[in-house]
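Here are some short exercises to work through with the viewer open. Try each task yourself before you read the solution below it.

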Amino acid sequence: MKNLIASLTVLLLCSSASGQWKAQSGETYDRTFRMAYVTSKSGGETLRILRTITPSDKQKPADPYEQITGQILLNNKPDKDNTVQGLVLRFDENPKIYIHRPAAFKQSWDNGARKFIIESDWQLWRIEDSRDKEVKKIASESDPQAKPVILKEIIPLLKSGQKVYCQVILLNTVYGTQSIINTEFTLQNSTKSIAYLFK
């Protein structure tokens with residue numbers, strides 16, 4: 001699987017320099033992958049949505065949204081003492097922000113792809129207003145009263161918007177301080193590419 005993902009990463013680096021969304025697929029002996037992805041405006045990050053389909057899924061179709069994972073790929077590896085604490089998305093100029101804080105992120109440097117990969121299931125988010133308080137503070141707090149937003153509500157936003165601003169919230173485990181990686185992705189051609197995931 002790692003070799004497959006690494007090879008797909010090489011392909012996407014060659015094909016997504018324009019900032020337009022792309023889609024492609026790959027297979028191993030026990031599963032099929034479909035993905036939609038785009039490189040950031042700066043070229044330093046990649047947003048990738050991945051669907052994994054196993055033979056059992058083909059025999060007994062599962063909810064495709066439950067097969068989805070979201071990834072942020074960074075060209076540069078964060079400091080070893082920093083760990084990903086949350087993701088924040090904001091679409092176009094809307095002050096509404098979507099905060100994702102799963103129980104844990106998968107985060108590691110892939111030597112083959114030469115990328116730092118941040119992965120999670122993207123299933124649950126919560127909404128806040130960015131005008132209320134600092135994003136870093138919002139993203140680090142948990143709110144049990146907040147109504148969760150599910151992935152099915154995020155996908156249409158990725159299709160309909162013009163651009164998405166993404167913030168990766170990092171926590172320094174030694175000093176307890178936070179830092180943010182800010183990046184911007186265009187949503188040009190995203191509708192067709194994301195629709196490919198659900199075929």
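The exercises below start with the whole chain and then turn to single residues and one pair of helices; keep in mind that this is a predicted model.

**Exercise 1. The whole chain**

Task: Find how many helices and strands the chain has, and what share of its residues count as buried.

Solution:
- Step 1. Go through the secondary structure: the chain has 5 helices and 12 strands.
- Step 2. Turn to burial: 46% of the 199 residues count as buried.
- Step 3. Add the contacts. Taking those between residues at least 6 apart in sequence, 61% join residues at least 24 apart.

**Exercise 2. Helix 5 and its buried face**

Task: List the buried residues of helix 5 and work out how they are arranged around its axis.

Solution:
- Step 1. Helix 5 covers residues 190-197, and its buried residues are Ser190, Ser193, Ile194 and Leu197.
- Step 2. Look down the axis of helix 5: these buried residues fall within an arc of 95 degrees, so they line one face of the helix.
- Step 3. Recall the general rule: an α-helix has 3.6 residues a turn, so residues three or four places apart point the same way.
- Step 4. See what that buried set packs against: strand 1 (22-28), strand 2 (31-39), strand 3 (45-53), strand 4 (68-74) and helix 4 (151-160).

**Exercise 3. Where helix 4 meets helix 5**

Task: Describe how helix 4 and helix 5 pack, and which residues meet there.

Solution:
- Step 1. Begin with the geometry: the two helices pack at an angle of about 145 degrees, and their axes are 7 Å apart.
- Step 2. Give the handedness: helix 4 passes helix 5 in a left-handed crossing.
- Step 3. Name the partners. Helix 4 brings Ile155, Leu158 and Lys159, which meet Ser190, Thr191, Ile194 and Ala195 of helix 5.
- Step 4. Sort them by class: the contact has 4 nonpolar, 2 polar and 1 charged residues.

**Exercise 4. Two polar side chains**

Task: Decide whether Asn172 and Gln67 are buried or exposed, and find a partner for each side chain.

Solution:
- Step 1. Locate Asn172 in strand 11, residues 163-172. Its relative accessibility is 11%, under the 20% cut-off, so Asn172 counts as buried.
- Step 2. Follow the side chain of Asn172 to the backbone nitrogen of Tyr175, 2.9 Å away. Beyond its neighbours within four places in sequence, Asn172 contacts Asp81, Asn82 and Thr177.
- Step 3. Move to Gln67, in the loop between helix 2 (55-59) and strand 4. Gln67 has 10% relative accessibility and therefore counts as buried.
- Step 4. Join the side chains of Gln67 and Arg51: they make a polar contact at 2.6 Å. Not counting residues up to four places away in sequence, Gln67 touches several residues, including Leu50, Ile53 and Ala62.

**Exercise 5. Partners from elsewhere in the chain**

Task: Find which residues Lys96 and Leu157 touch outside their own stretch of sequence.

Solution:
- Step 1. Lys96 sits in strand 6, residues 96-100, and is partly exposed at 35% relative accessible area.
- Step 2. With neighbours within four places left aside, Lys96 contacts Leu89, Arg90, Ile127 and Glu128. Glu128 is 32 residues away along the chain, yet the C-alpha atoms of Lys96 and Glu128 are separated by 5.9 Å.
- Step 3. Leu157 belongs to helix 4; at 23% relative accessibility, Leu157 counts as partly exposed.
- Step 4. Leaving out residues up to four places away in sequence, Leu157 touches Phe91, Tyr98 and Leu187.

Methods: Residues numbered from 1 in each chain as written. Predicted model: local features only at pLDDT ≥ 70, side-chain atom pairs only at ≥ 80, totals over all residues. Heavy atoms only, no water. Helix = DSSP H or I, 4+ residues; strand = E, 2+ residues; numbered from the N terminus. Buried < 20%, exposed > 50% of the residue type's maximum accessible area, 1.4 Å probe, protein only. Polar contact = N/O pair within 3.5 Å; in protein donor to acceptor, adjacent residues only side chain to side chain. Contact = heavy atoms within 4.5 Å. Arc of directions from axis to C-beta. Axes fitted to C-alpha atoms, helices over the stretch in contact; angles between N-to-C directions. Left-handed = near helix turned anticlockwise from the far one by under 90°. Nonpolar A, V, L, I, M, F, W, Y, C, P; charged D, E, K, R; others polar.
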